[in-house]
Amino acid sequence: MMDLKDLVRPNIWALKPYSSARDEFHGSASVFLDANENPYNEPYNRYPDPLQWELKERIAELKDVDRNSIFLGNGSDEPIDLVIRAFCDPGIDTIVSIAPSYGMYEVASNVNNVEFRKVTLTPDFELDAEALLEEVDEWVKVIFLCSPNNPTGNSLNRDEIYKILNNFEGIVVLDEAYIDFSAEPSFLPELKKFPNLIILQTLSKAWGAAGLRLGMAFASPEIIAILNKIKYPYNVNVLTQKQALDLLNNEGQMLEQLRRIMSERIRLQAALPELPIVHKMYPTDANFILVNVGKADSVYNKLVKKGVIVRNRNNVTLCNGCLRITVGTPEENDALLKALKSL
Ligand code: PMP
C-alpha cells in the first residue's frame, strides 16, 4: 500500500478538525454547562457521544475487531461519501468499480466531481481482477467492490478479491452489506493483513433496521481516524445509538429473522424457476434474487398493478430483462408467486 499520507488529500491530511464540547471533556460530572444545551427535555437535550463508544464496544465484541477499527455513520452511505472525500481530489483523482453494482458509489463520486470508471463483470457476474487492474493508473485512489453484490446477488470470487488487495496500492472498499445472508465468510479477519482494506457493513439488512440509519466501516485505526476527522461531529443521533445498542444486544432475534429469511429464500429459489414467466434465475448469497423475465418493464408494471413492487433492473448493465426480488415474509412471497403465476 502507498503511504497513507500520500493517499489522503493534502487538505484533509492537514485539516484541524472541529473539536466539540463532548470531545473536549471526557469523564463523569454532575453539571454540564459546556455545550449550550437546554437543561430540560431529557434525554434529547444532550448531544450524543460523537464517537459512539458504547455502541462500538458492542460491535467490537460481536465482530471480533478492535474498537478503534470501527467507524459508525448515517447508513453505509455516509462512509461511502467520506472515503471519496478523504482520498479523491475533485477533478483530479479517479475511482474504479464494477458494473453492475450498488448505485451510490457512482452517485457519490459524481457529487464529489471524481471520475468513476466501471469494469463490467463477466456474463455470470464474476469479478475479473486483471481486467479491473488494467483500469488502474496513477490517479486511481479507491476501488469499490461489493460482495455479495447488488443487484446480482452472488459473492465475488475470493481469489479475485485477493488479487486486487495484493496488487492495488490504493484503498479497496469492500461493501459487505449482505454478508450475513452469505455462505462465504466475511473479509473482516483479513483487516490486519491488508492496511488498504475498508469493509462496509450495515444494520439495514440482516439486523432489520434500515430506518435507524447505522452503517459500519471497518479499517485500520489510521484510516478510521481520517474518517472521524471529516465526519459531522454528531453524525449518529441519540435515538439511533440507543436503539442500535438494544438491537445488537439481542442477537438471537436477528438470528431468528435471518433463519426465516433464509428458509423463504430456499422456497422462492425452488418456486420461481417453475413459473413460465421466469426465463432464468441467478444464484444468490443475499436476501434478494435476480430473475430474468424477458420483458421486464411489462412484467414490472403488471406486478405494480397487483400491488407487488419489485426492483426493475432492466436498464442496468448485464441485467437486461431482469427484476430483483427481495425475500419477504411467507405471506408476501406467496403474494409475489401468485401475482407472477397470473401474468
Ligand atoms: N451497500 C449496498 C450493497 C446496498 O445494497 C445498500 C442498500 N441498498 C447499502 C450499501 C446502503 O446501506 P445503508 O442503508 O447502510 O446506507
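The largest cavity in this predicted model is lined by S147, P148, S155, L156, R158, I161, E176, I179, S182, E184, P185 and F187. Its volume is about 50 Å³. How many cavities of 30 Å³ or more does the structure hold? The count is one. By residue class, the lining of the largest cavity has six nonpolar, three polar and three charged members.

I'll stay with F187 for a moment, since F187 belongs to that lining and also takes part in an aromatic pair with Y162. The structure holds eight aromatic pairs. The one between Y162 and F187 is tilted, with 5.1 Å from centre to centre and 50 degrees between the planes. What does this pair tie together? Y162 sits in helix α8, residues 158-167, while F187 is in the loop between β5, 171-175, and β6, 197-202, so the contact ties together parts that are 25 residues apart in sequence.

Next, the ligand. There are 13 residues around the ligand, and the closest are S76, D175, Y178, T202 and S204. The shell divides into four nonpolar, five polar and four charged residues.

Now the polar contacts. Which part of Y178 faces the ligand oxygen, side chain or backbone? For Y178 it is an N or O atom of the side chain, at 2.7 Å from an oxygen atom of the ligand. T202 also uses its side chain: a polar atom there lies 2.6 Å from a ligand oxygen. D77 contributes through the backbone, where an N or O atom is 3.3 Å from an oxygen atom of the ligand. As for cover, the ligand taken alone exposes 400 Å², and the protein buries 91% of that.

Last, some backbone geometry. I have two cis peptide bonds to show. One runs from E42 to P43, with omega near 0 degrees. P43 is in the loop between α3, residues 21-24, and α4, residues 53-63. The other runs from A99 to P100, with omega near 5 degrees. Where is P100? P100 lies in the loop between β2, residues 94-99, and α6, residues 104-111.

The remaining backbone item is D64. D64 is not a glycine, yet its phi is positive, at about 55 degrees. D64 is located in the loop between α4 and β1, with β1 covering residues 70-73.

To recap: the ligand has 13 residues around it, with 91% of its 400 Å² buried by the protein. The largest cavity holds about 50 Å³ of space, and F187 is among the residues that line it. F187 also pairs with Y162 in a tilted arrangement. The peptide bonds to look at are E42 to P43, which is cis, and A99 to P100, also cis.

Conventions. Residues numbered from 1 in each chain as written. Predicted model: local features only at pLDDT ≥ 70, side-chain atom pairs only at ≥ 80, totals over all residues. Heavy atoms only, no water. Near = heavy atom within 4 Å. Polar contact = N/O pair within 3.5 Å; in protein donor to acceptor, adjacent residues only side chain to side chain. Areas by Shrake-Rupley, 256 points an atom, 1.4 Å probe, with all protein chains shown as cover. Nonpolar A, V, L, I, M, F, W, Y, C, P; charged D, E, K, R; others polar. 1 Å grid on protein atoms, 1.4 Å probe; cavity = no way out; pocket = protein on both sides within 12 Å on 5 of 7 lines; lining within 4 Å. Points joined across faces, edges and corners; volume = space filled by probe spheres on them. Phe/Tyr/Trp six-rings, centres within 6.5 Å; stacked < 30°, edge-to-face > 60°. Helix = DSSP H or I, 4+ residues; strand = E, 2+ residues; numbered from the N terminus.
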